[in-house]
Amino acid sequence: MDQILYWNNVALESDRMAHTVVHHAERGVRGTVGSSRALAITHLAMHDAYFGIVPAAHGTYLTTPPTAPPGASAEAAVAVAAHTTLTALYPAQTARLDAALQQAGLRGPGTGTGTGSAHGLAVGHAVLSARAADPGLDGVGYRPSLEPLKHRADPANPDQGYYAPHYGAHSRCFAATTRHTLDAPPKQTDPAYERALREVRGKGIATELSGALPPGLSPRTPEETLIGTFWGYDAAKKIGTPPRLYNLIVRAVAAARRSGIASNARLFALVNAAMADAAILAWDDKYRHNLWRPVLGIREHDPSMGPKGLAAQGWDTLCDPFWLPLGAAHTNEPGIPNATPPFPAYPSGHAALGAAALQITRRHCGIGTDGPDSLTDGLAFVSDELDGAGLDRYGIRRPRHTRTFPGGLWQMIEENARSRVFLGVHWSFDAFAVDADGRMDLSQNIGGVRLGLDIAGDLWANGLRAAAAAGPRLP
């Protein structure tokens with residue numbers, strides 16, 4: 001048994017369960033930010049537990065990790081490091097995690113209560129201690145702006161609150177050596193903004209309102225609805241968060257390549273550290289730019305609209321005061337309408353974390369250039385959002401859909417980022433800038449894909465070293 005893959009699966013189930021049975025003690029691991037942090041801690045602990053016993057040229061994450069005693073089992077150390085971190089992060093799931101440790105198949109010298117277990121325990125506590133000062137996800141003290149273009153709560157869900165407004169700016173990175181940041185999104189007077197508004201107003205509209213689209217706007221196709229749903233994972237019941245989905249994709253690639261435990265220890269530590277840093281830096285930019293979501297941007301596009309509206313001087317026909325998005329789905333919770341996520345639009349977290357995770361996987365697998373790759377050849381993917389079991393908001397079981405990606409992980413990076421426009425929860429530039437033909441333009445420092453690629457490049461060039469990680473932007 002590959003203990004890295006085994007405990008990665010246990011950790012992903014922990015994320016799924018934390019979004020299915022909600023416990024007060026597990027609030028800090030909920031949502032994209034919380035889950036990415038938890039998965040990074042767990043996989044960095046497994047990384048150091050393994051490479052503290054089986055040395056490698058890249059070294060360990062911690063500068064001075066606990067010293068492994070002679071004869072320690074690397075497999076036992078990995079298992080206990082994972083168990084130690086997961087039970088601290090998901091205390092309500094301790095019984096399930098205890099059972100997972102008993103079923104881990106550990107055999108031989110240094111297992112059980114032996115030296116390998118002691119080393120894993122020490123490493124787990126050391127990594128937890130290294131991140132003990134991380135800020136929380138609550139919005140205490142945060143006050144939204146009433147100015148045009150600034151993020152406020154979804155008018156269809158005015159009590160949704162504000163998720164992790166202080167986390168990004170006040171968190172030090174896990175491994176990124178630079179606090180990568182993006183240029184400001186296009187201004188309302190910029191043609192790129194108008195193009196994005198026209199696109200999402202047509203492609204992202206709620207299905208029941210689509211008949212009211214004016215001429216000249218392209219409606220969403222059934223395949224685009226499918227794509228938006230496939231990549232959802234909006235902290236949904238029985239499904240969890242985007243970091244869980246991206247880990248599932250990486251698992252499929254690793255299994256197809258028949259990677260060994262050492263390769264997997266390094267790969268999954270890189271992937272999850274990259275996502276944790278993408279969450280930190282994306283959320284820093286989100287609340288720094290504080291851009292409104294399309295649900296406000298379309299309804300309040302005319303200067304007469306909104307809390308700071310001015311006396312009407314004609315009418316801007318791009319404004320629709322009654323527009324609503326298709327929205328992010330509350331899968332498996334019939335009767336609860338779709339929603340807009342409770343944090344600013346720019347940049348897209350889906351785009352940033354997906355690009356960071358899949359790009360670092362491409363680099364680990366030897367793909368040194370950007371563009372289509374062959375890493376998904378022969379693989380088919382089923383999203384938990386479209387697995388033939390999940391229920392939509394009407395209580396109807398969604399069909400099962402198997403999806404292939406001939407362009408490899410690079411195609412996934414782009415499709416995942418574009419998918420959010422089809423739900424009406426993001427502007428296209430939240431994902432990336434586009435050229436005159438609407439193609440992804442990564443030459444501009446715009447959007448979550450650009451941010452995620454930069455983070456992956458940083459980690460690939462500089463490795464996983466806690467001491468080299470960039471500090472918080474704000475004290």
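**Exercise 1. Decide whether Arg450 is buried or exposed, and find what surrounds this residue.**

Solution. Arg450 has a relative accessibility of 17%, so Arg450 counts as buried, given that buried means under 20% relative accessible area. The model is a predicted one. Next, place the residue: Arg450 belongs to helix H14, which covers residues 448-462. Then look at the side chain, which reaches the backbone oxygen of Leu442 at 2.9 Å. Last, list the contacts. Leaving aside residues up to four places away in sequence, Arg450 touches Leu182, Ala431, Leu442, Gln444 and Asn445.

**Exercise 2. Work out where Asn332 is placed and which residues Asn332 touches.**

Solution. Start with the loop between helix H11 (294-299) and H12, where Asn332 is found. With a relative accessible area of 13%, Asn332 is buried. A polar atom of the Asn332 side chain lies 2.9 Å from the backbone oxygen of Lys237. Not counting residues up to four places away in sequence, the residues touched by Asn332 are Lys237, Lys238, Ile239, Ala389, Gly390 and Leu391.

**Exercise 3. Check whether the end-to-end distance of helix H13 agrees or disagrees with its number of residues.**

Solution. Helix H13 runs over residues 408-422 and has 15 residues. The expected span is 1.5 Å times one less than the number of residues, so 21 Å is expected for H13. The end C-alpha atoms of H13 are 21 Å apart, which agrees. Now turn to burial: H13 is mostly covered, with twelve of its 15 residues buried. Among them are Trp410, Met412, Glu415, Arg420 and Phe422. After H13 comes Gly424, whose phi is positive, near 75 degrees.

**Exercise 4. Describe helix H8 through its buried residues and through Glu223.**

Solution. First, name the buried residues of H8: Glu224, Ile227, Gly228, Thr229 and Phe230. These buried residues pack against helix H7 (191-203), helix H9 (242-257), S1, strand S2 (400-403) and H13. Second, take Glu223, which is also found in H8. Glu223 is partly exposed, at a relative accessible area of 48%. Third, compare positions along the chain and in space: Glu223 and Ser304 are 81 residues apart along the chain, and their C-alpha atoms are separated by 36 Å.

**Exercise 5. State the volume of the largest pocket and say what lines this pocket.**

Solution. The volume of the largest pocket is about 910 Å³. Its lining is made of 37 residues, and those nearest the centre are Arg30, Gly31, Tyr163, Ala235 and Pro342. Helix H2 (31-51) and helix H12 (349-364) are the elements that give two or more residues to this lining. Sorted by class, the lining of the largest pocket holds 15 nonpolar, 14 polar and eight charged residues.

**Exercise 6. Do the same for the second largest pocket, and find which element gives the largest share of its lining.**

Solution. The second largest pocket holds about 420 Å³ of space. It is lined by 21 residues, with Thr225, Thr229, Leu326, Asn338 and Arg398 closest to its centre. Two or more residues of this lining come from helix H8 (222-230) and likewise from strand S1 (381-387). H8 gives the largest share, five residues. One residue links this exercise to Exercise 4: Thr229 is a buried residue of H8 and is listed among those closest to the pocket centre. By class, the lining of the second largest pocket divides into eight nonpolar, seven polar and six charged residues.

Methods: Residues are numbered from 1 along each chain as its sequence is written. This is a predicted model: local features need pLDDT of at least 70, side-chain atom pairs count only at pLDDT 80 or more; totals for chains, interfaces and linings use all residues. Side-chain values use heavy atoms; hydrogens and water are left out. On a 1 Å grid over the protein atoms alone, a cavity is a set of points where a 1.4 Å probe fits but cannot get out, and a pocket is an open set with protein on both sides within 12 Å along at least five of seven lines; lining residues have an atom within 4 Å of a point. Grid points are joined across faces, edges and corners, and a volume is the space filled by probe spheres set on the points. Helices (H or I, at least four residues) and strands (E, at least two) are DSSP runs, numbered from the N terminus. Ala, Val, Leu, Ile, Met, Phe, Trp, Tyr, Cys and Pro count as nonpolar, Asp, Glu, Lys and Arg as charged, and the others, Gly among them, as polar. Buried means under 20% relative accessible area, exposed over 50%, partly exposed in between (1.4 Å probe, protein chains only). A polar contact is a pair of N or O atoms within 3.5 Å; within protein, one must be able to donate a hydrogen and the other to accept it, and residues adjacent in sequence count only if both atoms are side-chain atoms. Contact means heavy atoms within 4.5 Å.
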